[in-house]
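I opened the notebook to go through this structure piece by piece. These are my entries, in the order I looked things up.

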Amino acid sequence: MSEQQSRKKDKLPHRTNLYIDLPSTQWPIVYSPDYNISFLGLEKLHPFDSGKWGKIVHFLKEEKMINDETIVKAREAQEDDLLVVHTRRYLNKLKAGKLAIDRGWAINVGGGFHHCSSEQGGGFCAYADITLAIKFLFERVEGVSKAMIIDLDAHQGNGHERDFMDDKRVYIMDVFNRYIYPGDGFAKRAIKWKIELDWDTEDSEYLQKVETHMSKALQEVTPDIIVYNAGTDILDGDQLGGLAISPQGIIKRDEKVFEAARKRKIPILMVTSGGYQRSTARIIADSILNLHRLQLIDQKLL
């Protein structure tokens, strides 16, 4: 009998290097330079900013919020880790779920591959990191038995929806442009709180809908962890998102989500997901700095 078969029989967590204790001096902000995409300079010809993740960290360093010693370096998921979710090997980065539980919040600068399910990739997403983070928490962290996904990327999060279709432990709220990719009708059956937007939705309507429906969702269930998919492809001018939200609107959106989590003392994990305009990195960094100024994030909140 293989180790994996034995473990499944005994229902024991597998050995992993992803869940380790970290010093309190480190911010629960996860990043690796490998998140950035480069290929002999050809990435400069692409309409999207393939290096936005490094720029976000650079901006946070400029503002003296973090430095190389206080940021958490992402660790590579091994095959045994990925098999918790996937039926075949996907290579990428993982870290942050346990940090959110330990510290009250965490931000993975490069996560949010919400079109990938355990069976297949899609929409630039080759790895189901949201599913994997939640399943790791259920498997390894005592007291975590209910999760909420708040997916505010412009696109429907059909990957995690397919993965948690019949899992009553996971409550999904999804706010997305009804007319764009992926239009996955089957996956929509997994959404407990669905808000479909029209083309060119602007700040006022968008923020009102997010705040109102998020409040109603959190009245229905009190999760042990919120996974917040904070896509910036809602930004006005995004070629794929089709919405018209301002930079200030994105910053206010993130503020509302963290306020809701903090008010209810629910740990929150934020992943940055889609959005690749040249201005996106600066907006994400400004949002994180705003959360810090408002004391919605600190090195440790719980």
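**Entry 1: Tyr228.** I started from one side chain. The model is predicted. I listed what Tyr228 touches, leaving out neighbours within four places in sequence. The contacts are Ile150, Leu152, Arg253, Asp254, Val257, Phe258, Ile268, Leu269, Met270 and Val271.

**Entry 2: the cores.** I looked up the nonpolar cores next. The largest nonpolar core has 55 residues. Tyr228 is among those with the most contacts inside it, along with Met65, Tyr206, Ile226 and Phe258. Which helix gives the most to this core? I found that α10, residues 280-293, does so with seven residues. There is also a second, separate core of 25 residues. Val30, Ile101, Ile130 and Val141 are included in this second core. I noted the general background: in soluble globular proteins, nonpolar side chains tend to be buried together.

**Entry 3: strand β9.** Tyr228 took me to β9, which spans residues 225-229. I asked which way its side chains point. Ile225, Val227 and Asn229 point one way, while Ile226 and Tyr228 point the other way. All of them are buried. With five of five residues buried, β9 is largely enclosed by the rest of the structure.

**Entry 4: partners of β9.** I checked the pairing on both sides. β6, residues 147-151, pairs with β9 in the parallel sense over five bridges. Here Asn229 is the bridge partner of Asp151. β9 also pairs with β10, again in the parallel sense, over four bridges. In that pair Asn229 stands opposite Val271.

**Entry 5: the whole sheet.** I then traced the strand order. The sheet is open and has eight strands, in the order β2-β1-β5-β10-β9-β6-β7-β8, with parallel pairing. Why do β2 and β8 each have one side without a neighbour in the sheet? They stand at the edges, β2 at 72-73 and β8 at 193-197, and each has a single partner strand, so one side of each is left free of a sheet neighbour. I looked at one more pair, β5 (residues 105-108) with β10 (residues 268-271). These two are parallel and share four bridges. Trp105 stands opposite Ile268 there.

**Entry 6: helix α9.** I followed the chain between β9 and β10. Together with α9, these two strands make a right-handed β-α-β unit. Helix α9 covers residues 247-263 and lies across β5, β9 and β10. I read its angle to β10 as about 160°.

**Entry 7: Phe258.** I picked this residue out of α9. Phe258 is buried, with a relative accessible area of 0%. Not counting residues up to four places away in sequence, Phe258 touches Trp105, Tyr228, Ile268, Met270, Leu291, Leu296 and Ile297. I also checked a spacing: the C-alpha atoms of Phe258 and Leu291 are separated by 7.8 Å. Along the chain they are 33 residues apart.

**Entry 8: helix α5.** I tested its length. The 12 residues of α5 (residues 129-140) should span 16 Å at 1.5 Å a residue, and the end C-alpha atoms are 16 Å apart, so the two agree. Is α5 largely enclosed or exposed? Nine of its 12 residues are buried, so α5 is largely enclosed by the rest of the structure. The buried residues include Ile130, Leu132, Ile134, Phe136 and Phe138.

**Entry 9: backbone oddities.** I reminded myself that most residues other than glycine have a negative phi, and most peptide bonds are trans. Then I looked for exceptions. A cis peptide bond joins Tyr181 and Pro182, with omega about 5°. Pro182 is in the loop between β7 and α7. Asp200 is not a glycine, yet has a positive phi of about 60°. Asp200 sits in the loop between β8 and α8. Ser273 also has a positive phi, about 55°, and is not a glycine. Ser273 lies in the loop between β10 and α10. I asked of each: buried or exposed? Asp200 counts as exposed at 51% relative accessibility. Ser273 counts as buried at 6%.

**Entry 10: chain totals.** I closed with the overall counts. The chain has 10 helices and 10 strands. Of its 302 residues, 56% count as buried. Among contacts between residues at least 6 apart in sequence, 72% join residues at least 24 apart.

Key: Residues are numbered from 1 along each chain as its sequence is written. This is a predicted model: local features need pLDDT of at least 70, side-chain atom pairs count only at pLDDT 80 or more; totals for chains, interfaces and linings use all residues. Side-chain values use heavy atoms; hydrogens and water are left out. Two strands pair if DSSP finds at least two bridges between them. Contact means heavy atoms within 4.5 Å. Axes are lines fitted to C-alpha atoms, for helices over the stretch in contact, and angles run from 0 to 180 degrees between N-to-C directions. A nonpolar core is a set of buried Ala, Val, Leu, Ile, Met, Phe, Trp, Tyr and Cys residues joined through side-chain atoms within 4.5 Å. Buried means under 20% relative accessible area, exposed over 50%, partly exposed in between (1.4 Å probe, protein chains only). A crossover is right-handed if, with the strands pointing away from the viewer, the path from the first strand over the helix to the second runs clockwise. The expected span of a helix is 1.5 Å times one less than its number of residues.
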